[in-house]
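Reader: I am new to this structure and should like to learn how to read it. May we go through it feature by feature?

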Amino acid sequence: MDFGQMREYMVRTQLLARHIKDARVIEAMKKVPRHLFVPEIERIRAYDDCALPIGHGQTISQPYMVAIMTELLDLAGKEKVLEIGTGSGYQTAVLAELSDWVFSVERIAELTDYARENLRKAGCLNVTLKTSDGSEGWIEEAPFDRIIVTAATPEFPVPLIEQLAENGIGIAPVGSRYNQILTKITKKEGQVSRSSYTMCVFVPLVGKHGWEESNS
Ligand code: SAH
């Protein structure tokens, strides 16, 4: 199995063909070994054009969705990034290739451990992980230049808007539990503006500023 070739093919047919343009995003996704971020049994499908199960009812996002969200963050390399919903750690690793440091929060402790191990195997060092309700952000480390939420949320969580730095960009799938619109916020002179992108389907953000656990 040549995972390098599979990765090249994935980038060509799923990202370039769908007009992902940021050369740095393309390079990062050519480099990060996605097969190290899926369970052994899913390894053969690691570069398929879909989300895959990672246990605990959660998923690793489709490569195209990772690319589009990362592209919208417009990373130059020096940013301090907050990610909510570590999951497998794959998106974390892509962000870490393109920024200075990634802080990532996951609510399920076993998945934090899983992601930590995956990131270690992938040789990714500029990340800090913790288990908690990421809908409240990471106040001790705020502000962040970029914030990405990789779980569906009814509104952009207010604490995350507050923890976004001036000139910062935030991305989240905002909508109902079953479908959402990828939403970008930007903060300029304290004012927050919003723009909408593609439709998407994410697992729910479960927490104080997301959905209640009982409904998940
Ligand atoms: N970026 C991940 C996506 C994982 S799915 C990847 O590509 O692998 C979304 C993740 O968000 C799940 O692991 C889920 O447990 C987590 N999540 C849900 N609600 C959360 C919350 N309030 N705080 C932190 N993580 C949360």
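Author: Let us begin with a term. A salt bridge is a side-chain nitrogen of Lys or Arg within 4 Å of a carboxyl oxygen of Asp or Glu. In this structure, which is a predicted model, Arg116 forms such a bridge with Asp113, and their closest N and O atoms are 3.7 Å apart.

Reader: Where do Arg116 and Asp113 lie?

Author: Both belong to helix H5 (residues 109–121), where they stand three residues apart, about one turn of the helix. As for their surroundings, Arg116 is partly exposed, with a relative accessible area of 40%, and Asp113 is also partly exposed, at 47%.

Reader: How many salt bridges does the structure hold?

Author: The structure holds 11 salt bridges. One of them joins the side chains of Lys31 and Glu97, with an N to O distance of 3.2 Å. Lys31 is in helix H2 (residues 23–31) and Glu97 is in helix H4 (residues 90–98), so this pair ties together parts that are 66 residues apart in sequence. Another salt bridge links Glu40 with Arg43, whose closest N and O atoms are 3.7 Å apart.

Reader: Which of Lys31, Glu97 and Glu40 count as exposed, and which as partly exposed?

Author: The general idea is a pair of cut-offs: a residue is buried under 20% relative accessible area, exposed over 50%, and partly exposed in between. Lys31, at 52%, therefore counts as exposed, and so does Glu40, at 62%. Glu97, at 35%, counts as partly exposed.

Reader: Is helix H4, taken as a whole, largely enclosed or open?

Author: Eight of the nine residues of H4 are buried, so this helix is largely enclosed by the rest of the structure. The buried residues are Tyr90, Gln91, Thr92, Ala93, Val94, Leu95, Ala96 and Leu98.

Reader: How should I read the protein as a whole, and how many helices and strands are there?

Author: One starts with the elements and then turns to the overall dimensions. The protein has six helices and nine strands. Its radius of gyration is 16 Å, close to the 17 Å that the globule rule gives for 216 residues, so the protein is as compact as a globular protein of that length. Along the principal axes, the C-alpha atoms fill a box of roughly 50 × 40 × 30 Å.

Reader: What share of the residues is buried, and what does the accessible surface come to?

Author: Buried residues make up 53% of the 216 residues. The accessible surface comes to about 9900 Å², and 52% of it belongs to carbon and sulfur atoms. One may also ask how charge is placed: the mean positions of the 24 positive and 29 negative charges are 3 Å apart.

Reader: What can contacts tell me about parts of the chain that are far apart in sequence?

Author: A contact means heavy atoms within 4.5 Å. Among contacts between residues at least 6 apart in sequence, 56% join residues at least 24 apart. For a single case, consider Ile171 in strand E7 (residues 164–175). Leaving aside residues up to four places away in sequence, Ile171 touches Met69, Leu72, Leu73, Ile147, Ile148, Val149, Phe156, Leu182, Thr183 and Lys184.

Reader: Is Ile171 buried or exposed?

Author: Ile171 is buried, with a relative accessible area of 0%. By contrast with the contacts above, one may look at a separation: the C-alpha atoms of Ile171 and Lys121, 50 residues apart along the chain, are separated by 27 Å.

Reader: What should I look for in the backbone itself?

Author: Most residues other than glycine have a negative phi, and most peptide bonds are trans. His19 has a positive phi of about 70 degrees although it is not a glycine. This residue is in the loop between helix H1 (3–15) and H2, and at 57% relative accessibility His19 counts as exposed. Asn167, likewise not a glycine, has a positive phi of about 65 degrees. Asn167 is found in strand E7 and is partly exposed, with a relative accessible area of 49%.

Reader: Which residues are joined by a cis peptide bond?

Author: Ala142 and Pro143 are joined by a cis peptide bond, with omega about 5 degrees. Pro143 is in the loop between strand E5 (127–131) and strand E6 (144–149).

Note on methods:
Residues are numbered from 1 along each chain as its sequence is written. This is a predicted model: local features need pLDDT of at least 70, side-chain atom pairs count only at pLDDT 80 or more; totals for chains, interfaces and linings use all residues. Side-chain values use heavy atoms; hydrogens and water are left out. Helices (H or I, at least four residues) and strands (E, at least two) are DSSP runs, numbered from the N terminus. The radius of gyration is taken over C-alpha atoms; the globule rule is 2.2 Å times the number of residues to the power 0.38. Buried means under 20% relative accessible area, exposed over 50%, partly exposed in between (1.4 Å probe, protein chains only). Accessible areas come from the Shrake-Rupley method with a 1.4 Å probe; for residues, only the protein chains shown count as cover. Lys and Arg count as positive and Asp and Glu as negative; His and the chain ends are not counted. The place of a charge is taken as NZ of Lys, CZ of Arg, CG of Asp or CD of Glu.
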